[in-house]
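Colleague: I have the model open and would like to go through its empty spaces, its metal site and its cysteines with you. Could you put it up on the screen?

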Amino acid sequence: MPDHHKLGRELGLFGTDPLIGAGLPYWLPDGATVRHTLEEYIRDAELRAGYRHVYSPVLGKRELYEISGHWPHYSEDMFPPMDLGGEQVVLRPSLCPHHALIYRSRAHSYRELPLRLAEIGGQYRSELSGVLGGLTRVRAMQLNDAHIFCTLDQVAGEARAALGMIGRAYAALGIRPARYRLSLPGPGGKYVGGPGMWQQAAAMLTGVLDGSGVAYEAAEGEAAFYGPKIDVQVTDGAGREDTLSTVQVDLYQPERFGLHYTGPDGARHRPVMVHRSIVGSVERAVAHLIEVHGGAFPPWLAPTQLVILPVSGAELPQALALRQRGAGQGLRAVIAGPEHGSLGSRIRAARLVPYQAVIGAREAAGGQVALRLRGGRRLDPRPAAEVLARIGGLIGARSTELWDTGAAA
Ligand SMILES: [Zn+2]
């Protein structure tokens, strides 16, 4: 696997500047397109799964994190507080406390549960400059996060559904989990709450994993400070393992924030918080995608999906018409005309683009294009409208296939 850092720069996806600072990458237009498309997929999948989206600020008062437990248990990873008019505010290390307060802002009945709040939002980590690099070790990240407020009885179903979303996302993104890990507490004082709370939460996650049929390993010392979790591990280009997706059961923060709902008995009950992330931070997810695919993204995710290659200037009107029709259906299409060199060199330059449409004199006269698929496969000339419809169908379905092999080639 290539290194995402080097490839990301070569492909013009992201960069850094010492004046912005280490671990604070910016996204170039092609990288921003990949990120935006990934975020769109996530929001769409969440909407279909019954999540509601919220926005919350990236700052909060120090007191908020004292209540959540981040300040006493996680502060070595947090940025120092900023003094502001006699108060201290900090860049948030996670989104959970904000979402807990959003839940608490109104009364809830058991009929509303599970309540699933999702956000792709910024969180911050005070990594030392020596370990920073590319998109995987950063000080500012956008987390694909969600918190499900539910009853104890609903936890297993919600965790199972989250694992299903993770599986579907990996299939669409063309990535594979290296392993599933049940992350449990280890020795040491960084874990909150009593042993009963941990046993109950771990038993629920174990039940979900056993029922899902995936192989997993238990690992001590990998839990969050507030609860155990299922981590989906992936392997990077250098063989290092990293957590991409996670499902966590938290009985602690609902207690700390005094969350409740009214049960069928009319009494107050404590909800459980299930924390879950489908692709982790978009930075880490895109880094992994760059490495796994060597820059050759699935067509729906590719920054440029179709490159149009008029053989000579004479076919430029047909090329422009094709680009316009493609753009009309949301396709990211560009024209690489003869001013960019020979046809062969233009095809090589576009080798990571999923679709290359060559238009010579014969194709132009017949309203056709000669399509080449990434990897070199050439298809017989066919009507431009048919090519656009079939590419559009595959992209709309977020397929990882370049061509519908079921249909006639
Ligand atoms: Zn959380």
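Colleague: Which element supplies the largest share of the lining of the largest pocket?

Modeller: Keeping in mind that this is a predicted model, the largest share of that lining comes from strand 12, which gives six residues. Helix 4 (70–74), strand 8 (140–150), strand 11 (229–235) and strand 15 (272–277) are also listed with strand 12 as supplying at least two lining residues each.

Colleague: What volume does the largest pocket have, and which residues are closest to its centre?

Modeller: The volume comes out at about 1,100 Å³. The lining of this pocket counts 40 residues, and the closest to the centre are Tyr 74, Gln 123, Arg 125, Lys 229 and Gln 248.

Colleague: How do the residues of that lining divide into nonpolar, polar and charged?

Modeller: The lining of the largest pocket has 15 polar and 14 charged residues, together with eleven nonpolar ones.

Colleague: Switching to enclosed space, how many cavities of 30 Å³ or more does the structure hold?

Modeller: There is one cavity of 30 Å³ or more, and about 70 Å³ of space lies in the largest cavity. Its lining is made up of His 4, Thr 136, Val 234, Asp 236, Asp 242, Leu 244, Arg 284, Ala 287, His 288 and Glu 291.

Colleague: And which element gives the largest share there?

Modeller: For the largest cavity that is helix 9, with four residues of the lining; strand 12 (241–250) and helix 9 (282–293) each contribute at least two. Sorted by class, the cavity lining holds four charged, three polar and three nonpolar residues.

Colleague: Now the metal: which atoms coordinate the zinc ion?

Modeller: The zinc ion is coordinated by the SG of Cys 96, the NE2 of His 147 and the ND1 of His 275, at 2.0 to 2.3 Å. Along the sequence these donor residues follow the spacing C-x50-H-x127-H. Since His 147 sits in strand 8 and His 275 in strand 15, the two histidines tie together parts that are 128 residues apart in sequence.

Colleague: Are those donors buried or exposed?

Modeller: His 147 is buried, at a relative accessible area of 0%, and His 275 is buried as well, at 3%. Cys 96 also counts as buried, with 3% relative accessibility.

Colleague: How many disulfides does the structure hold?

Modeller: It holds zero disulfides. Take Cys 150: its closest cysteine sulfur is that of Cys 96, which lies 15 Å away and is therefore too far for a bond. Cys 150 itself is buried, with a relative accessible area of 0%.

Colleague: One last residue, then: where is Gln 305 placed, and what does it touch?

Modeller: Gln 305 is in the loop between helix 9 and strand 16 (306–310). Although it is a loop residue, Gln 305 counts as buried, because its relative accessibility is 2% and the cut-off for buried is under 20%. Leaving aside residues up to four places away in sequence, Gln 305 touches Pro 299, Trp 300, Gly 330, Leu 331, Arg 332, Val 353, Pro 354, Tyr 355 and Ile 395.

Colleague: How many residues apart in sequence are Gln 305 and Gly 341, and what is their separation in space?

Modeller: Gln 305 and Gly 341 are 36 residues apart in sequence, and from C-alpha to C-alpha they are 20 Å apart in space.

Conventions:
Residues numbered from 1 in each chain as written. Predicted model: local features only at pLDDT ≥ 70, side-chain atom pairs only at ≥ 80, totals over all residues. Heavy atoms only, no water. 1 Å grid on protein atoms, 1.4 Å probe; cavity = no way out; pocket = protein on both sides within 12 Å on 5 of 7 lines; lining within 4 Å. Points joined across faces, edges and corners; volume = space filled by probe spheres on them. Nonpolar A, V, L, I, M, F, W, Y, C, P; charged D, E, K, R; others polar. Donors = N, O, S within 2.8 Å, 3.2 Å for Na, K, Ca; no water. Buried < 20%, exposed > 50% of the residue type's maximum accessible area, 1.4 Å probe, protein only. Disulfide = S-S within 2.5 Å. Contact = heavy atoms within 4.5 Å.
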